[in-house]
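This report describes a protein model for a reader who is new to structures. It goes through the sheet, the turns, the rings and the core.

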Amino acid sequence: MKAAIIFACLLAVAFARPEVEIVRQESDVQPEGYSFDSETSDGSKHSSSGVLNNVGTDHESIAVKGSFSFVADDGQTYTVNYVADENGFQPSGAHLPVAPVA
């Protein structure tokens, strides 16, 4: 559930900029999975795909893989790749801090 909330917040932030238009949007939603790609006029991109695991069991869950990128105020494009599954939301990106190994 936390992954879905974080995902929704990130998506809302990406699309909340004024005067930004969607220039490309594709989606495919199936009973046991989905995929989508979108791009906006400011250079932001987001793609994601999800697969339903353990269908019909008490352990049914969705595993999501995706990435989003945006052009920041400094002119650089930042990209975040992520996985969201039974282990939570796991982002990675060259600009993100990495926790030390315990």
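A residue is called buried when its relative accessible area is under 20%, exposed when that area is over 50%, and partly exposed in between. Tyrosine 82, with a relative accessible area of 4%, is therefore buried. The model discussed here is a predicted one.

**The sheet**

How many strands form the sheet, and in what order? Six strands form an open sheet; the order is 1-2-3-4-5-6 and the pairing is antiparallel. Strand 1 (22-30) and strand 6 (88-92) stand at the edges, and each has a single partner strand, so one side of each has no neighbour in the sheet. From one strand to the next, the twist averages 10°.

The pairs can be taken in order along the sheet. Strand 1 and strand 2 (residues 33-40) pair in the antiparallel sense over eight bridges. In this pair, arginine 24 stands opposite glutamate 39 of strand 2. Strand 2 and strand 3 also run antiparallel and are joined by seven bridges. Here serine 35 has serine 49, in strand 3, as its bridge partner.

Strand 3 (residues 45-53) pairs with strand 4 (residues 61-71) over nine bridges, in the antiparallel sense. Lysine 45 stands opposite serine 69 in strand 4. Eight bridges hold the antiparallel pair of strand 4 and strand 5, and the bridge partner of phenylalanine 68 in strand 5 is valine 80. Strand 5 and strand 6 pair in the antiparallel sense over five bridges; aspartate 85 has glycine 88, in strand 6, as its bridge partner.

**The turns**

Several of the paired strands are linked by hairpins. Strand 1 and strand 2 form a hairpin with two residues between them, and a hairpin through two residues joins strand 5 to strand 6. The hairpin of strand 2 and strand 3 has four residues between the strands, and in it glycine 43 takes a positive phi near 95°. In the hairpin of strand 4 and strand 5, with five residues between the strands, glycine 75 takes a positive phi near 90°.

**The two faces of strand 5**

In a regular strand, the side chains alternate between the two faces of the sheet. Strand 5 (residues 77-85) shows this alternation. On one face are Tyr78, Val80, Tyr82 and Ala84, which are buried. Thr77, Thr79, Asn81, Val83 and Asp85 point to the other face and are not buried.

**Aromatic pairs**

A pair of aromatic rings is described by the distance of the centres and the angle of the planes. The model has four aromatic pairs, and two of them are set out below.

| Pair | Centre to centre | Angle between planes | Type |
|---|---|---|---|
| Tyrosine 34 and phenylalanine 36 | 6.3 Å | 15° | stacked |
| Tyrosine 82 and phenylalanine 89 | 5.6 Å | 35° | tilted |

Why is the first pair in the table stacked and the second tilted? Planes under 30 degrees apart count as stacked and those over 60 as edge-to-face, with the rest tilted. The 15° of tyrosine 34 and phenylalanine 36 is therefore stacked, and the 35° of tyrosine 82 and phenylalanine 89 is therefore tilted.

In the stacked pair, tyrosine 34 is partly exposed because its relative accessible area is 22%, while phenylalanine 36 is buried at 18%. In the tilted pair, tyrosine 82 is buried at 4% and phenylalanine 89 is partly exposed at 24%. Ring pairs also link Phe68, Tyr82 and Phe89 into a cluster.

**The core**

In soluble globular proteins, nonpolar side chains tend to be buried together. Which residues make up the largest nonpolar core of this model? The five residues are Val64, Phe68, Val80, Tyr82 and Ala84. Strand 4 and strand 5 each supply at least two residues of this core, and strand 5 gives the most, with three.

Valine 64 belongs to this core. Setting aside residues up to four places away in sequence, valine 64 touches Tyr34, Ser48, Ser49, Gly50, Tyr82, Val83 and Ala84.

**Serine 69**

Is serine 69, in strand 4, buried or exposed? Serine 69 is buried, because its relative accessible area is 11%. Apart from neighbours within four places in sequence, serine 69 is in contact with Gly43, Ser44, Lys45, Thr77, Tyr78 and Thr79. Among these, Lys45 is the residue that stands opposite serine 69.

Key: Residues are numbered from 1 along each chain as its sequence is written. This is a predicted model: local features need pLDDT of at least 70, side-chain atom pairs count only at pLDDT 80 or more; totals for chains, interfaces and linings use all residues. Side-chain values use heavy atoms; hydrogens and water are left out. Two strands pair if DSSP finds at least two bridges between them. Axes are lines fitted to C-alpha atoms, for helices over the stretch in contact, and angles run from 0 to 180 degrees between N-to-C directions. Buried means under 20% relative accessible area, exposed over 50%, partly exposed in between (1.4 Å probe, protein chains only). Rings of Phe, Tyr and Trp (its six-membered ring) pair if their centres lie within 6.5 Å; planes under 30 degrees apart count as stacked, over 60 as edge-to-face and the rest as tilted. A nonpolar core is a set of buried Ala, Val, Leu, Ile, Met, Phe, Trp, Tyr and Cys residues joined through side-chain atoms within 4.5 Å. Contact means heavy atoms within 4.5 Å.
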